[in-house]
Amino acid sequence: PLSVGSEGDDVVGLLRQLAALRYHVPAAGRVYTVSVRDAVYAFQKANGLERTGSVGIREWRRLAVAATPKPRFRGPSDRIEVDKTRQILLKIRDGEVIGVVAVSTGATGNTPEGRHRIRWKAPATSTWLGSAILYRTLTFVGDSFAIHGFASVPPYPASHGCVRVRNPEHFAKVIL
């Protein structure tokens with residue numbers, strides 16, 4: 001089994017397999033970091049596994065037969081697709097998934113559904129909820145809903161309605 005703090009060749013193999021399946025992983029390394037855990041969360045979410053953030057026998061078995069997650073919808077060749085049910089975000093280029101990251105959407109289910117265009121982008125914004133900084137903000141509904149980087153991205157819906165992605169590396173490398 002692997003979890004945050006584990007080190008060695010098994011971590012290297014895990015990162016290679018996740019990357020081959022298009023999950024965003026940190027730069028090659030031998031240490032199971034919080035960023036590795038986030039990639040494992042995305043894999044667990046996409047495959048209907050318990051969201052532990054650790055890799056045990058179930059995850060190893062699923063990795064052996066897993067495929068890259070498929071988009072749920074047909075649409076523009078290049079797009080971002082948020083799957084609220086699985087709590088993952090897919091980056092799609094030319095109709096193919098090129099990146100998968102774990103997200104956390106609205107705790108009350110209030111993250112808007114449907115097709116939206118990015119209304120505006122900002123390197124960082126503040127929030128009406130207090131002093132929190134929202135990184136790499138991509139606003140998609142009015143001025144209230146966005147995809148953005150945030151320090152806290154639990155493996156379940158927890159936001160006030162936005163789509164949270166761990167910042168800054170996951171968001172910058174996969175989304176932008």
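This report walks through the fold, cores, salt bridges, largest pocket and a few single residues of a predicted model.

**Overall layout**

Let's start with the broad view. The protein has four helices and seven strands. Follow the sequence and the order of elements reads α-α-α-β-β-β-β-β-β-β-α. Out of 176 residues, 47% count as buried. As for contacts with a separation of 6 or more, 44% of them link residues that sit 24 or more positions apart.

**The nonpolar cores**

Now for the inside. The largest nonpolar core holds 26 residues, and the members that touch the most others are Leu14, Leu18, Tyr23, Tyr32, Val40, Phe43 and Val100. Four elements give two or more residues to this core: helix H1 (9-20), helix H2 (34-46), E2 and E3. H2 supplies the largest share, with seven residues.

Val40 makes a handy example. Leaving aside residues up to four places away in sequence, Val40 touches Leu14, Leu18, Tyr32, Gly53, Ser54 and Val55. Apart from the largest core lies another one, of nine residues, with Val101, Phe140, Phe145 and Val163 among them.

Gln44 is worth a stop too, and its address is helix H2. Is Gln44 buried or exposed? With a relative accessible area of 0%, Gln44 is buried, since buried means under 20%. Setting aside residues up to four places away in sequence, the contacts of Gln44 are Leu49, Glu50, Arg51, Thr52, Gly53, Ser54 and Glu59.

**Salt bridges**

How many salt bridges does a search of the whole structure find? The search turns up seven. Here are some of them, with the distance between the closest N and O atoms.

| Pair | N to O distance |
|---|---|
| Arg37 and Asp38 | 3.7 Å |
| Glu81 and Arg79 | 3.3 Å |
| Lys84 and Glu113 | 3.2 Å |

Take the Glu81 and Arg79 pair to begin with: both residues are buried. The Lys84 and Glu113 pair spans more of the chain map. Lys84 is in the loop between strand E1 (79-83) and strand E2 (88-93), while Glu113 is in the loop between strand E3 (96-102) and strand E4 (120-127), so their bridge ties together parts that are 29 residues apart in sequence. Glu113 itself is exposed, at a relative accessible area of 63%.

There is a network as well: Arg37, Asp38 and Arg166 are joined into one by salt bridges that share partners. Within that network, Asp38 counts as buried, at 5% relative accessibility.

**The largest pocket**

Next, the open space. The largest pocket contains about 940 Å³. Its lining is made of 29 residues, and Ile80, Glu81, Gly114, Arg115 and His116 lie nearest its centre. E1 and strand E5 (130-141) are the elements that give two or more residues to the lining. Which element gives the largest share of the lining? That is E1, with five residues. By character, the lining residues split into twelve nonpolar, five polar and twelve charged.

One residue links this topic to the previous one: Glu81 is among the residues nearest the pocket centre, and Glu81 also pairs with Arg79 in a salt bridge.

**Two residues in the loop between E3 and E4**

The loop that carries Glu113 has other residues worth a look. Pro112 is found there, between E3 and E4, and counts as partly exposed at 22% relative accessibility. What does Pro112 touch, not counting residues up to four places away in sequence? The list is Phe140, Val141, Phe145 and Gly161. Phe140 and Phe145 have already come up as members of the nine-residue core. Pro112 and Gly161 are 49 residues apart in sequence, yet their C-alpha atoms are 7.7 Å apart in space.

Ala107 has its place in the loop between E3 and E4 too. At 49% relative accessibility, Ala107 counts as partly exposed, because the exposed class begins over 50%. Not counting residues up to four places away in sequence, Ala107 touches Pro157, Ala158 and Ser159. From Ala107 to Cys162 there are 55 residues in sequence and 9.6 Å in space, C-alpha to C-alpha.

How values were computed:
Residues numbered from 1 in each chain as written. Predicted model: local features only at pLDDT ≥ 70, side-chain atom pairs only at ≥ 80, totals over all residues. Heavy atoms only, no water. Salt bridge = Lys/Arg side-chain N within 4 Å of Asp/Glu carboxyl O. Buried < 20%, exposed > 50% of the residue type's maximum accessible area, 1.4 Å probe, protein only. Core = buried A, V, L, I, M, F, W, Y, C linked by side-chain atoms within 4.5 Å. Contact = heavy atoms within 4.5 Å. 1 Å grid on protein atoms, 1.4 Å probe; cavity = no way out; pocket = protein on both sides within 12 Å on 5 of 7 lines; lining within 4 Å. Points joined across faces, edges and corners; volume = space filled by probe spheres on them. Nonpolar A, V, L, I, M, F, W, Y, C, P; charged D, E, K, R; others polar.
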